[in-house]
Amino acid sequence: MACVVVVGSQWGDEGKGKIVDLLTGHADCVVRFQGGNNAGHTLVVDGKKFIFHLIPSGILYENKKCFIGNGVVLDPGVLLEEMEELAANGLAVSPDRLMISEHTHIIMPYHRLLDGASEAAKKDGSKIGTTGRGIGPAYGDKILRCGIRAGDLINEALFRDTLAENVAEKNFLFEKKYGGSPINMDEILREYTAYAEKLAPYIGNVSFALDQARKAGKNILFEGAQGTQLDIDHGTYPFVTSSNTIAGNACTGSGFGPAHIDEVIGIVKAYTTRVGEGPFPSELFDAAGDALQEKGGEFGATTGRRRRCGWLDTVVAREGSG
């Protein structure tokens with residue numbers, strides 16, 4: 001199998017999780033390289049449904065090592081909830097089975113608040129239809145070089161100083177731009193210090209670990225989220241997600257060398273679906289669209305929102321395979 005990337009070739013929800021689960025049986029390492037808990041992969045194992053928003057689905061296999069790369073934005077509360085759910089089902093997650101990149105950016109409470117406030121302030125027709133999970137603002141802080149990374153989270157002094165700067169800036173926005181209430185730094189500090197204590201053993205150098213695995217002849221599977229038409233650069237901008245969803249970001253989002261990728265697999269659904277706002281040329285608004293939605297159980301794994309359904313768009317599929 002060697003090193004394989006799996007991505008969606010439409011607007012996501014193509015069934016990548018099922019393909020990844022199939023290929024995971026042949027993999028030694030499974031890597032999540034972009035997005036956050038705005039994406040969901042649904043798997044059913046022995047009649048039990050698992051929905052993963054952050055942990056790679058390979059975690060269901062005891063002999064696989066899972067990685068969360070630097071291209072992900074991580075909500076530590078959500079991650080710990082997933083880990084607790086797995087433990088409750090007899091699948092405890094140890095640092096031997098999961099590593100989080102020290103360069104992974106952390107979603108903070110003010111990111112979620114800004115996400116909601118920004119979307120609410122938009123006029124109808126310009127709303128993006130975000131999940132409200134703070135993904136966009138977290139990536140925004142990353143680009144503005146004021147984000148908090150996993151490695152910073154476990155450095156108490158650095159975390160406190162960076163958090164103070166961010167809270168001061170965000171409170172200005174909440175009060176002056178959105179007419180809201182300020183956020184409390186001490187509450188955030190207590191909450192995230194507790195997260196740091198729990199997650200510290202899992203944080204490490206993912207890039208180095210993956211290169212060591214490659215040199216040892218391990219099979220590595222890169223698990224994409226969303227689809228190519230939601231790519232921040234190559235999708236239906238501005239109605240896109242806030243990360244690069246295309247296969248090339250498997251390397252950037254994990255620190256893995258591009259020369260070592262052997263195969264890219266793009267998944268296409270037999271029809272087309274989309275969650276959120278934005279153009280959808282083949283969308284159906286009639287009984288046929290309702291039938292596709294009902295038969296396919298088309299509800300978002302993350303938000304539960306009804307997916308928009310339409311005929312297979314081969315132009316979109318072709319563009320996604322480039």
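How many disulfides does a search of the whole structure find? The search finds zero. The model is predicted. Cys 251 is in no disulfide, and the nearest cysteine sulfur, that of Cys 3, is 9.2 Å away. A disulfide requires sulfur atoms within 2.5 Å, so this pair does not qualify. Cys 251 counts as buried, at 11% relative accessibility.

The strands were examined next. Seven strands form an open sheet with parallel pairing. Their order is E9-E7-E5-E2-E10-E1-E11. Strand E9 (203–204) and strand E11 (263–267) stand at the edges. Each has a single partner strand, so one side of each is left without a neighbour in the sheet. Strand E7 (residues 98–101) pairs with E9 in the parallel sense, over two bridges. Ser 101 has Gly 204 in E9 as its bridge partner. Strands of a sheet pair through backbone hydrogen bonds, in either a parallel or an antiparallel sense.

Helix H1 (residues 16–24) lies across four strands of this sheet: strand E1 (3–8), strand E2 (29–32), strand E10 (220–223) and E11. H1 runs at about 165° to E1.

Strand E3 (residues 41–45) and E4 show the antiparallel arrangement, joined by five bridges. Leu 43 stands opposite Phe 50 in E4. The two strands form a hairpin with two residues between them. Asp 46, in the turn, has a positive phi of about 50°.

A positive phi is also found just after helix H4. There, Arg 145 takes a value of about 65°. H4 itself spans residues 135–143, and its buried residues are Ile 135, Pro 137, Ala 138, Tyr 139 and Asp 141. These buried residues pack against strand E6 (73–74), helix H3 (109–121) and helix H6 (156–177).

Nonpolar packing was then considered. In soluble globular proteins, nonpolar side chains tend to be buried together. The largest nonpolar core here has 42 residues. The members that touch the most others are Leu 79, Met 83, Leu 86, Ile 100, Met 108, Tyr 110 and Leu 163. Several elements give two or more residues to this core. They are strand E4 (48–52), strand E5 (65–68), helix H2 (76–88), E7, H3, helix H5 (150–153), H6 and helix H7 (185–199). H7 gives the most, with seven residues.

Leu 163 illustrates the contacts. Neighbours within four places in sequence are left aside. Leu 163 is then in contact with Met 108, Tyr 110, Ile 148, Met 185, Ile 188 and Leu 189. Apart from the largest core lies another, of 16 residues. Among its members are Val 7, Phe 67, Leu 210 and Phe 222.

Charged pairs complete the description. Side chains of opposite charge can pair when their charged atoms come close. The structure holds 11 salt bridges. One of them joins Arg 112 to Asp 75, with the closest N and O atoms 2.9 Å apart. Arg 112 lies in helix H3, and Asp 75 in the loop between E6 and H2. The pair therefore ties together parts that are 37 residues apart in sequence. Arg 112 is partly exposed, with a relative accessible area of 29%. Asp 75, in contrast, counts as buried at 6% relative accessibility.

Lys 170 forms a salt bridge with Asp 141. The closest N and O atoms are 2.9 Å apart. This pair links distant parts of the chain, with Lys 170 in helix H6 and Asp 141 in helix H4, 29 residues apart. Both residues are buried. Asp 141 also belongs to the buried set of H4, and that set packs against H6 among other elements.

A further salt bridge lies within one helix. Asp 211 pairs with Lys 215, the closest N and O atoms being 3.2 Å apart. Both residues are in helix H8 (residues 206–215), four residues apart, so about one helical turn separates them. Asp 211 counts as partly exposed, at 23% relative accessibility. Lys 215 is exposed, with a relative accessible area of 57%. Salt bridges that share partners also join Asp 13, Lys 269, Glu 298 and Arg 307 into one network.

Terms used
Residues are numbered from 1 along each chain as its sequence is written. This is a predicted model: local features need pLDDT of at least 70, side-chain atom pairs count only at pLDDT 80 or more; totals for chains, interfaces and linings use all residues. Side-chain values use heavy atoms; hydrogens and water are left out. Two strands pair if DSSP finds at least two bridges between them. Contact means heavy atoms within 4.5 Å. Axes are lines fitted to C-alpha atoms, for helices over the stretch in contact, and angles run from 0 to 180 degrees between N-to-C directions. Buried means under 20% relative accessible area, exposed over 50%, partly exposed in between (1.4 Å probe, protein chains only). A nonpolar core is a set of buried Ala, Val, Leu, Ile, Met, Phe, Trp, Tyr and Cys residues joined through side-chain atoms within 4.5 Å. A salt bridge is a side-chain nitrogen of Lys or Arg within 4 Å of a carboxyl oxygen of Asp or Glu.
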